[in-house]
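The following exercises are to be solved with the sequence and the structure at hand. Each task is followed by a solution in steps.

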Amino acid sequence: MPDLSIQELLSPELLLKISDYSLLSRLAVKGFLSGIHPSTCHGSGNEFVQYRNYTPGDDLKLLDWKLLARRNKLCTKIFAEETNMRCAIVLDASASMAYKGKNAIGTKFHYASAVAACLASLCHQQIDQAGLFIYADKILSATPPGHNAGNISHILATLQNVSPSNKANHLLALQKIGEYLKKRSLVVLLTDGYFQEKTLPYFLKQLKFSGHDCIVCQILDPDELHFPFQNTMQFIDSETSESRTATASLTRDEYLKKMNAFLEKTRQICLNYQADYLQINTSQSIAPVLTSYLNMRGGKH
Amino acid sequence: MLTFAYPAFLGALFALAVPIILHLLNRNHSQTLVFPSIQFLQKTALPREGRRKLRDLLLLLIRMLLFTLLILLLARPQWQKKEAPNATSSGRKGLLFLLDQSVSMRTAGQRARIQKIITEQMKAYSDWDCGLIGFSQEPKIIFRPSQKASQQILKWANNDLSFSFLTGDPDSALKQAAVLLSPYDKKRLLVLSDCQSNTWKNISAALSVDTEISFFPKLALPPHNAAIIQVHSTPLNHKKLRLTVELQNFGDSEENRTLSVRLGSQHQQQHVSIGPQKNTFAIFIFDQKDILIQGNAKLDLDAMPFDDQYSFWCGNPIQQKILAVLDDSPKNSQASALEFFFLQKAMNTKTAKSYNLFSIQSIDSSLLSAINLDDCQQLFLLGCAEHLSPDTWQKITAFVKQGGSLFITPGSSPQTALHLMQQCGLTKTRFLGIIGSDSKQAGLGLGWVQPDSCLGRLFTPQHPSDLFLFALHKYVHVSTPNQPNEKIILKTLDQRPALLQWTLEKGNAYFFTFNFTPQWSDFVLSQSFLPTINELCRCAIGEQTLSKKLYCGQTPPHYEQLNGTQDQPDRPINYSEPGLYQIGAHPIEYHIDPKESHLEVSKIDNLKRFLTRGINKGLPQAEYASPANPPIKLWKWTAILLALMVLLEGIAMTTMDRKDTKH
């Protein structure tokens, strides 16, 4: 399959398909614009939450006059406030993301970029603040979530200009990103997930304690999932440049066994830290993958 | 020392480089892949791959060895022991000239070339024992190899070198050469021949492998040659002769030549054009001034002059004598005379205008016993068969057995005649009656001709009316022959024999069931009579040509008269040269065999290979010249090794397949 660029992956048809969905934060976020996400603040929302006793200084317009008439008791109505969300898209741009198998639509990085662009576009559409962090051995690009009009354009331009290279230093990069996100946000991690053993739990734990909502998208090529090779080949690690000669037909079973165990372990870690886990195969079209996930997450208008 | 019978096959060993080159070209093309992460890949494939490589290498070696052995087998290896210095070996060197003396060597300048070659070679091999064998149809040892013969050969080549008019056959000469050279340690055969393929195509003798053979391309045939193949003369009306001269061009370019024909004092000339590799005919008309004349045809001479002249006989073929025996009994003499009248008329028609092959005479039956039948070829018994004595019949039977032809017509008593013929052993046909003796059965006709008889050829089925349109009033009814030497030539409409042929040794007897009078049939009055009788008589004497044409070297024929005496030639016949002779009244022509005029040449390399291939057909082993140390043939061992390699390859393949299946 030809390697498609972001522009080609991010087609108007795709944007139209996902425009029916919204990216909802499961946790209450603290925005200062009214939006569709639950806020940690109560006040001017439309949804009634509870009554509380009137205390002097409360706005008299929140006083429930009908209740005062029935029960002769001063009660104030409390409404859940709906606000906008901060969404931080974290994109892995290590060398391993540059791989493209025969059956893939594009490289893993291009695929992840397209997903990131879709999500950023969706956030922009629902007046959320979208930010983009790209990392490899260090932070390559950091666009904090913002709501100004040029933010989405900047994100898309950044996605086009970055190309995957170098060995990923997940721990360092994710620590720094964690430090960037002071307010509650939705963190979408787009990576192939070849972390060191304790990196992902540490990162997810840090995010959870900071009150962030997290989605882990593990983007993998069909070649990594099925290992369809036959001959004896020399495999070179894209990040470490280490080479290993192996007869694919002989080592396939062992490889698949280890790979499946790794995927299962990653999924289990995500579950433990209440993060969404989404495994994406780059041979699939982006639209059905995203729409099914967003649908499952409950964001259909 | 290892030698090969067919070393050219060793060139195929270069093909062994092909798999190695392919391997070298492909070795750097191992497939590499930059993979996202190899942390889940194991290195387990490497040791297995190594084993596989080793097995592949082993298999490659086996197959290359197999291919090498196959090539060696084709090249026929042999081990030639080095000739150890032998006390008994004299180290003698023998040189033998094999001189082709066939007529094709009579080309212009060939003699001088051969003389020059012999002189040069004698100088070059002055210390060798030299000998010379000449051959045409038969080999002739002119000089046995010896040191003394060298000077004699030179002298002979300068003074007595000659060529025959015969075809060449080198086979026997080669066998003799092998025998003559066998005592020598170093053998050399110098073949002085034009290598004409007709001469060299049927050789079977072979020389020993250590004989060095040299041919001389200088002696090649010229590129152009046209020849007179043969001349036929045909007598025409008004004492004219037609001569047909057949010419052939053996070259690859058109020949424009002048053909002159001389016949007695007459001379004619024509310009002829003969296409490449084509035959053509030139026709001449001459006045026939004599019964038998010698003629000569001549083309303007080319590089092969021997076939440009052709002497021939022309004139009338010898007349065949026919004796008609008439019945002299008063009762039947008139009918018999009438039969003779019609017969004479049939045989002598147009005598005045054209040449007649037959001359007919008549005698009375009572005189037949006293007549010598030796000088006649055909005998007609016209209705007189029953009046001949048994002794006369014995005489007639002997005449037939010696090659004479007998024609019998029924007379007054065909029953008696057939009885006499049965007694003398001429036939076994039985008399059954006479059909048409009463008026009721009159009006029958002929209805069937034996297709493969002489009359069958004359009266074709397409034109049966030629013979059929006459009435048969009366005929003798005889039994249908059941003997292999008896057959029916003509049948009546009611499928009964009308003319029977009885073959007796060299001759034939023909029995008509009706005679040649109008009382019996209208046959004599019809147009069929003359051709039927003429054709029967011609068939009886066979194909008659004027002269017998023979090639030089063929023995002359014997002509015997019926009395057993043999005709003698007019002068002693030298049948190894062209010439014209007469044996008795029979003209004989001797010509050069046209095979010698062909320009096709055998390839010298092929001849050398064929001559030294080591096969000694028709020659006893002891007599055959063989090298002192015959080479040990190794092809059997090579074949065994090859078979072993095939087996090994099969085992290796099976083992590998099994291991691969396990994995």
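**Exercise 1. Confidence in chain B**

How many contacts beyond four places in sequence does the model have for residues 84–89 of chain B, and under what value does the pLDDT stay there?

Solution. Begin by noting that the model is predicted. Over residues 84–89 of chain B the pLDDT stays under 50, and the model has 1 contact beyond four places in sequence for them. Next, consider residues 614–627 of chain B, where the pLDDT is likewise below 50. This second stretch has 23 contacts beyond near neighbours in sequence. Where pLDDT is low, the predicted coordinates should not be read in detail. Finally, place these stretches against the whole chain: chain B averages a pLDDT of 80, and 85% of its residues score at least 70. Within chain B, confidence is lowest in helix α11 (residues 465–468), with a mean of 54, and highest in strand β19 (residues 405–409), at 92.

**Exercise 2. Two helices of chain A**

Determine how α4(A) and α5(A) are oriented to each other, and list the residues in contact.

Solution. First, locate the helices: α4 of chain A covers residues 108–125 and α5 of chain A covers residues 151–161. Their axes come within 10 Å and cross at roughly 180°. Angles over 145 degrees count as roughly antiparallel. Therefore α4(A) and α5(A) are roughly antiparallel to each other. The second step is the contact itself. From α4(A) come Ser113(A), Ala116(A), Ala117(A), Ala120(A), Ser121(A) and His124(A); from α5(A) come Ile152(A), Ile155(A), Leu156(A) and Leu159(A). Sorted by class, this contact has 7 nonpolar, 3 polar and no charged residues.

**Exercise 3. Where the chains meet**

Describe the side of chain A that touches chain B, and identify the strand of chain B with which β8(A) pairs.

Solution. Start with the extent: 25 residues of chain A are in contact with 18 residues of chain B. On the side of chain A, the elements that give two or more residues are β8 (232–237), β9 (243–247) and α9 (248–272). The residues of this side divide into 9 nonpolar, 8 polar and 8 charged. Turn then to the pairing between chains: β8(A) and strand β2 (residues 32–35) of chain B pair in the parallel sense over 4 bridges. Within this pairing, Phe235(A) has Leu33(B) as its bridge partner. As to the predictor's scores, the complex receives an ipTM of 0.79 and a pTM of 0.43.

**Exercise 4. A sheet in chain B**

In what order do the 3 strands of the open sheet in chain B stand, and which are its edge strands?

Solution. The order is β26-β28-β27, with mixed pairing. The edge strands are β26 (548–551) and β27 (579–583) of chain B, each of which pairs on one side only. Neighbouring strands of this sheet are turned by 25° against each other on average, direction ignored. Now examine one pair: β26(B) and β28(B), residues 586–591, are parallel over 4 bridges. Here Lys549(B) stands opposite Glu589(B).

**Exercise 5. Two residues with positive phi**

Is Phe227(A) buried, partly exposed or exposed? Classify Glu505(B) in the same manner.

Solution. Most residues other than glycine have a negative phi. Phe227(A), however, has a positive phi near 45° and is found in the loop between α8 and β8 of chain A. Because 19 other C-beta atoms lie within 10 Å, Phe227(A) is partly exposed. For Glu505(B), phi is near 50°, and the residue is found in the loop between β24 and β25 of chain B. With 12 other C-beta atoms within 10 Å, Glu505(B) is exposed.

Technical notes. Residues numbered from 1 in each chain as written. Chains lettered and ligands numbered in written order. Predicted model: local features only at pLDDT ≥ 70, side-chain atom pairs only at ≥ 80, totals over all residues. Pairing = 2+ DSSP bridges. Axes fitted to C-alpha atoms, helices over the stretch in contact; angles between N-to-C directions. Contact = placed C-beta atoms within 7 Å. Nonpolar A, V, L, I, M, F, W, Y, C, P; charged D, E, K, R; others polar. pLDDT = per-residue confidence, 0-100. Parallel < 35°, antiparallel > 145°, perpendicular 65-115°, else oblique. Buried ≥ 20, exposed ≤ 12 C-beta atoms within 10 Å, placed from the backbone.
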